[in-house]
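The following exchange asks what justifies each term applied to the model. Each answer sets a value against the rule behind the term and then concludes.

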Amino acid sequence: MTHDVNAAIRGARLAGAAQIVVKDSHGNSKNLLIEDLEPGVELVSGHGSGTDGMMMGIDESFDAAILVGYHAMAGTLGGIMEHTITGGVHHLWVNGIETGEMGLSAGVAGRYGVPLVMVSSDSAGCKEAEELIPGVITTATKEGFGRYMGRLLHPSETAPAIEQAAHDGIVNLPAIKPHQFAEPIHIKVEFNRAEEADMCARMLGIARADGYSVEATYPTYKDAHRVVWSLMSLSFVGIDAQQ
């Protein structure tokens with residue numbers, strides 16, 4: 001992961017980026033080896049606080065966002081370890097549009113007026129990004145044969161590809177619009193198990209849509225995104241309740 005992030009950093013710098021902040025956002029968000037990152041960057045490590053989820057640390061001062069190593073959304077055919085935040089989620093819709101982690105992160109960046117210019121993922125994830133953001137530059141580091149099987153490119157090939165994509169994304173910045181959801185925001189989350197929805201339905205303002213799903217409407221994307229992450233956290237409580 002550090003290898004791929006470094007490639008994106010080099011590419012962005014070649015295109016003129018002067019200041020780069022990296023948010024570690026996988027799992028416990030403590031994966032990147034800071035001592036091995038390209039010098040001069042800042043790292044936001046860990047998770048559990050704040051309201052911007054996988055994009056914690058971004059604000060209006062940024063010019064562009066890049067997503068490195070993102071997974072395709074839950075249920076995507078050919079997506080290696082496809083998921084949406086947690087394995088407990090079957091589907092997430094924002095304003096009726098099925099949305100994964102890329103869409104959520106692009107929405108956070110867009111709320112600050114920052115466009116998503118480049119994504120690295122597997123082939124299925126790159127297709128998702130291209131359908132989400134017109135003009136985004138993507139590069140696939142692997143092709144999925146199933147959830148736990150794929151054909152991977154060697155790091156000697158992925159590094160130059162990611163570096164070039166990051167460079168091209170920054171160069172292409174003027175042609176890409178920030179991804180902004182129309183407000184108010186309606187969210188609907190379908191969980192894998194009914195007990196996960198049971199727990200989330202106890203949250204103030206959340207309505208039960210069906211046995212597996214909850215939904216709600218919020219005035220801003222900031223509020224809706226914050227609630228989505230809270231629902232994901234509550235879903236683990238539902239899983240634990242069966243033990």
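Q: What counts as a helix here, so that a residue can be placed just after one?
A: A helix is a DSSP run of type H or I with at least four residues, and such runs are numbered from the N terminus. The model is a predicted one. Helix α2 comprises residues 101–111, and just after α2, G113 takes a positive phi of about 80°.

Q: What makes helix α2 "mostly covered"?
A: A residue is buried when its relative accessible area is under 20%. Ten of the eleven residues of α2 are buried. Among them are E101, M102, L104, V108 and G110.

Q: Why are F181 and Y221 called a stacked pair?
A: Two rings pair if their centres lie within 6.5 Å, and planes under 30 degrees apart count as stacked. A search of the whole structure finds one aromatic pair. Its members, F181 and Y221, stand 5.2 Å apart centre to centre, with 15° between the planes. Because these values satisfy both cut-offs, the pair is stacked.

Q: What does the pair of F181 and Y221 tie together?
A: F181 belongs to the loop between α4 (155–171) and β9 (185–191), whereas Y221 belongs to helix α6 (residues 221–240); the pair therefore ties together parts that are 40 residues apart in sequence. Both F181 and Y221 are buried.

Q: How do you know that the charged end of R111 sits over the ring of Y112?
A: The rule requires CZ of Arg to be within 6 Å of the ring centre and within 35 degrees of the ring normal. For R111 the distance from the centre of the Y112 ring is 4.3 Å. The charged end of K188 likewise sits over the ring of W93, 5.4 Å from its centre. Both distances fall within the 6 Å limit.

Q: What makes β4 and β9 a pair of strands?
A: Two strands pair if DSSP finds at least two bridges between them. Strand β4 (residues 89–94) and β9 are joined by five bridges in the antiparallel sense, so the requirement is met. One of the bridge partners is E190 in β9, opposite H91.

Q: How do you know that β9 also pairs with β11?
A: Six bridges join β9 to strand β11 (residues 213–218), and the two run antiparallel. I187 has A216 in β11 as its bridge partner, and E190 stands opposite S213 in β11.

Q: Why is β9 described as largely enclosed?
A: Five of its seven residues are buried, and β9 is therefore largely enclosed by the rest of the structure.

Q: What makes β5 and β10 the edge strands?
A: The open sheet has five strands in the order β5-β4-β9-β11-β10, with antiparallel pairing. β5 and β10 (207–210) each pair on one side only, and this makes them the edges.

Q: How is the lining of the second largest pocket divided by residue type?
A: The lining comprises four nonpolar, four polar and three charged residues. Glu counts as charged, and Gly as polar. E98, E128 and E131 are among the lining residues, as are G100 and G103. The pocket holds about 160 Å³ of space. α3 (123–132) supplies the largest share of the lining, three residues, and β5 (97–98) also supplies at least two.

Q: Why is M81 called partly exposed?
A: Partly exposed lies between the buried limit of 20% and the exposed limit of 50%. M81 has a relative accessibility of 41%, and it is therefore partly exposed. G78, at 26%, is partly exposed too. Both M81 and G78 are found in the loop between β3 and β4.

Q: What makes the backbone of M81 and I85 worth a remark?
A: Phi of M81 is near 50°, a positive value in a residue other than glycine. I85, in the loop between β3 and β4, has a positive phi of about 65° although it is not a glycine.

Q: Which peptide bond is cis?
A: The bond from E183 to P184 is cis, with omega near 5°. P184 lies in the loop between α4 and β9.

Key. Residues numbered from 1 in each chain as written. Predicted model: local features only at pLDDT ≥ 70, side-chain atom pairs only at ≥ 80, totals over all residues. Heavy atoms only, no water. Phe/Tyr/Trp six-rings, centres within 6.5 Å; stacked < 30°, edge-to-face > 60°. Buried < 20%, exposed > 50% of the residue type's maximum accessible area, 1.4 Å probe, protein only. 1 Å grid on protein atoms, 1.4 Å probe; cavity = no way out; pocket = protein on both sides within 12 Å on 5 of 7 lines; lining within 4 Å. Points joined across faces, edges and corners; volume = space filled by probe spheres on them.
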